[in-house]
Amino acid sequence: MSTSTDTFVGTLPNGLSVLLQESHDAPLASFWVWYRVGSRDERPGFTGISHWVEHMQFKGTPSLAKGAIFRDVSKHGGTLNAMTSNDWTAYYETLPADRLDLSLQIEADRMANSLFDPEETESERTVILSERQGAENTPAFLLYEEVVGAAFRSHPYRHMVIGHETDLRTISRDDLYTHYQHYYAPNNAFLVAVGDFDAPELYSRIEATFGELEQRAQIERRQAVEPPQRGERRVTLRRPAPTAYLRMAFHAPNAKDPDTPALLLADAVLSGGKGMGLGGGGPMGRSARFYRALVAGGLARSASSDFDLYLDPYLFTVGVTALPGVEPGRIEAVVDAEISRLRDETVSEIELARALKQLKAQYVYSGEGVTNRAFWLGHMEIVDTHRRAASLIGELEKITPDDIQRVAQTYLRPETRTVGWLVPEGEGGGATTDEEDAAAAALHRRWFLNPSSATSVNARSWRAPFERRELPNGTVVLGQARPDDPSVFMRLRFAAGAVHDTDDRAGLAAFTARMLSRGTATRSFARFNEETDNLGATVGFETGRLFVEVAIRSLREDLPALLDLTADVLRHPTFPNEEIEKVRQELLTAIREQDNDTRSSADRVLRRLLYPAGHPYARRAGGERETVSTITRDDLVAFHQAHYGPAAMIAAVVGGVSDLDSAADLISDRFADWTTDLAQARSPAPPPPPTQFLRERVAIAGKSQADLAIGFPAPARSDPDYYALDMANLILGRLGLMGRLGASVRDRQGLAYYAFSQIEPGRESSMWVSRAGVDPSNVEQALESITAEVRRLRDEGVSDEELTDAKSYLTGVLPLALETNDGVAATLLNIEHYDLGLDYLDRYPSIINALELAHVQQAARAHLDPDRLVAGIAGPPVNT
């Protein structure tokens, strides 16, 4: 064993490798098991088998009952998931560090002893088919599947990780078990842990737990080598969709290739630096070439490129979502011109510096929290070596403009590309937001299992204190200083949400927020984008029903400059007419996409049935086509003057600042003289309770899956019953693998990939809502099952064991909620909004532990009525 670059490295006699990194910032640890098996190891007829085996790993062992893994991790205040990619399968638990032995026991047991019960296999078959149907509802997935399948002729990268539906219907229990026996072995796996532990001591515990597992015969891999592509290939899909989508793919090298760093920078030049690992700083690149030419040019709603790290040579891809009515040929010509420019001309030193800064910043942002760090370490070990996690930035720094031009000439050639278009026929398809389009390439390569008596950790014993300042102009500054953090995250919240819209101006709040950065007296939109990208920073505007939040992230040394930019766009927007029309078209395209997305449509129907006409929560936050089309510049100016100002601003600052006073000074320097006459914030009235069970179904062509949204009014966050009702709902639809709903609808009946419930809290009223994605033929059964579980909760209450487990989860999970700077900022804003007090996290365990069984059942009976639920359903047309 050895320690290199702060990573403790060891190998057990049975061949199991171990990578450990100590991190003592919080009392947490993230424990991962990585298996060197993914969809690249699958033969024709067995596609999707690796992902299916991953699902079966939660079905129990002789010593772990079905459901025990989720239950045990949850009640110890942890979180867990699993994922399958082209090159690997991984399982992880992130827990309070003193509960880490639980991870060791779970993972050692299921490495060798997982059960593959035939009945469980059949139940999970329908779950995975539902998962695939949900992906098919997204146009970007369908197009990507066809393009990748055309780009690869021989290599198994040609099929999606989820597999083909035909194979998923025929793979047997014995097929799954044989795959498990072949690949799940200590000599085909390695462990990664990052967290608050002593590495040598943890290694000794790993030896004791995993050391007796027997290694299996060495796996012989004879991987197909993709033959050279000798000419352009084209794919055209014609199906219901709200607009046209382009996907272009060029063959590219694997992670180990010396050209990889230059291609990462080429990707950043075209569309901005991307997040690394599980997370990152959000989308960058609004000054990059594709955004300027396509989005700012008024042709597309989003445009991105993607190059990721793989074990074998994969693809460099381009994705564009067109604005409705724009001819595909115009978009493809612009993409061709930009790629040709990258081949024919060297990038400027300024562009290269900007791209490098973004990648460096994303590297820092992606390292927040032990879970993200453990993933990045393991992923690099899969595709190359864990040491590359630390050396990659140094490789990027050596790249020159000539290197970028050379790799563009080598790999981004017309004769080696595959071009795919999804051309709309009628209206249908699923919504593809900016983030979803940028992540569409990831859909095929990373599939997650879960889409939604422990002693509590004393939050005060380890975290820096929460602090609050109120500036003379009325601005409230909340924060947690973490002076050693290399980055800072800040949220600026304004009471300027969609609740202030009117029926004839629905979408005005969202329109105004999108326009803030589109030009000021001293900065154009293009200059704003250049300055943020030069900093490797992000500024995002998020419109909710109550608030608009400005989310900003930067390296700590760049915070003053980023606040200068943010203050300018908040205080001095000029709402240029040219930009108004561009944003209008983007918003109208988003509305078209939402109208053709089953989940969004089901939720919209639910709200329309639950809230009376004219209620702000009955309206779509982004507005309707008719209202967005008529919003004027005068409307935008007036809304900004009425709802943006210092007295309406709450700032939450978390990360690399020396103390809150210094952060408050930075804010005060830029906003102290800001004076406005603000309109009074609105408080929506609670909706009247339904008098009967209501339901409505909308049909959307071209869909494979139906979505359900079932709701009921719930009491305000301040109501004495709120904590008890939230506890009841945790047991109903959240705890473990989506609570009782997950156990019934997903696990026992196999009706849905996801089925969960939650309470959406509010100061005046809240809403209980359950959501599920199901096969269209199972809608009625799923609806009946969810209703039955609500009735059982009311009539029978919860058990002592369920209540104990739920309390342990809620009190033990606190450190996980505070793992990232963004998570802390969101917590601070909620504490302020609900007037909970800065000591709330210290009081929270006592609040939860004081809840009694009778109060939980009484709250469920008082506030949930299965006979008066409201259900919105959206899916493909029903055959009659």
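Leaving aside its neighbours within four places in sequence, which residues is tyrosine 809 in contact with? Let's start there and walk outwards, keeping in mind that this is a predicted model. The contacts of tyrosine 809 are Ser74, Lys75, Gly77, Gly78, Leu730, Arg734 and Leu735. Tyrosine 809 itself is found in helix H28, which covers residues 800-812. Its relative accessibility is 18%, and because the cut-off for buried is under 20%, tyrosine 809 counts as buried. You can also look at the backbone here: the C-alpha atoms of tyrosine 809 and glycine 736 are separated by 9.4 Å, although their positions lie 73 residues apart along the chain.

A polar residue makes a good next stop. Glutamate 789 lies in helix H27, residues 779-796. With a relative accessible area of 7%, glutamate 789 is buried. Once its neighbours within four places in sequence are set aside, glutamate 789 touches Leu732, Arg740, Leu741, Ser744 and Arg748.

Now for the nonpolar interior. The largest nonpolar core has 140 residues, and Leu294, Ile331 and Val335 are those with the most contacts inside it. Helix H25, residues 722-733, gives the most to this core, contributing nine residues. Separate from it is a second core of 77 residues, which includes Ile69, Ala82, Phe141 and Tyr203. If you centre your view on isoleucine 331 and ignore neighbours within four places in sequence, you will find it in contact with Leu246, Leu294, Leu299, Val320, Ala322, Val326 and Trp421.

Aromatic rings deserve a tour of their own. A pair of aromatic rings is described by the distance of the centres and the angle of the planes. The structure holds 32 aromatic pairs. One of them joins phenylalanine 152 and tyrosine 157, an edge-to-face pair with 5.9 Å centre to centre and 75 degrees between the planes. Both phenylalanine 152 and tyrosine 157 are buried. Another pair brings together phenylalanine 494 and tryptophan 674: the ring centres are 6.3 Å apart and the planes stand at 65 degrees, so this pair is edge-to-face. It links distant parts of the chain, 180 residues apart, with phenylalanine 494 in strand S16 and tryptophan 674 in the loop between helix H24 (660-671) and strand S20 (694-699). Phenylalanine 494 and tryptophan 674 are both buried. Elsewhere, ring pairs link Tyr35, Phe58, Phe70, Tyr91, Phe116, Tyr177, Tyr180 and Tyr184 into a cluster.

Rings also meet charges. Arginine 553 lies over the face of tyrosine 365, at 5.4 Å from the ring centre. Arginine 717 does likewise with tyrosine 834, where the distance to the ring centre is 5.5 Å.

Next comes helix H30, residues 821-833. This helix has 13 residues and reaches 19 Å from its first C-alpha to its last, close to the 18 Å expected at 1.5 Å a residue. Its buried residues are Asn821, Gly823, Val824, Ala825, Thr827, Leu828, Leu829, Ile831 and His833. As you read that list, recall that an α-helix has 3.6 residues a turn, so residues three or four places apart point the same way. The buried residues of H30 pack against strands S15 (476-481), S16 (487-494), S18 (548-555) and S19 (649-655), and also against helices H29 (814-817) and H31.

What follows H30? Aspartate 835 does, with a positive phi near 55 degrees. Aspartate 835 sits in the loop between H30 and helix H31 (840-849), and at 71% relative accessibility it counts as exposed. Phenylalanine 575 is another residue other than glycine with a positive phi, near 50 degrees. The loop holding phenylalanine 575 runs between helix H19 (559-571) and helix H20 (577-595). Is phenylalanine 575 buried or exposed? At 2% relative accessibility, phenylalanine 575 counts as buried.

Finally, turn to a hairpin. Strand S2, residues 7-11, is mostly covered, with four of its five residues buried. Four bridges join S2 to strand S3 (residues 17-22), and the two run antiparallel. Within this pairing, glycine 10 stands opposite valine 18 in S3. Five residues lie between the strands of the hairpin, where glycine 15 takes a positive phi near 95 degrees.

How values were computed. Residues numbered from 1 in each chain as written. Predicted model: local features only at pLDDT ≥ 70, side-chain atom pairs only at ≥ 80, totals over all residues. Heavy atoms only, no water. Buried < 20%, exposed > 50% of the residue type's maximum accessible area, 1.4 Å probe, protein only. Pairing = 2+ DSSP bridges. Expected span 1.5 Å × (residues − 1). Contact = heavy atoms within 4.5 Å. Core = buried A, V, L, I, M, F, W, Y, C linked by side-chain atoms within 4.5 Å. Phe/Tyr/Trp six-rings, centres within 6.5 Å; stacked < 30°, edge-to-face > 60°. Lys NZ or Arg CZ within 6 Å of the ring centre and 35° of its normal.
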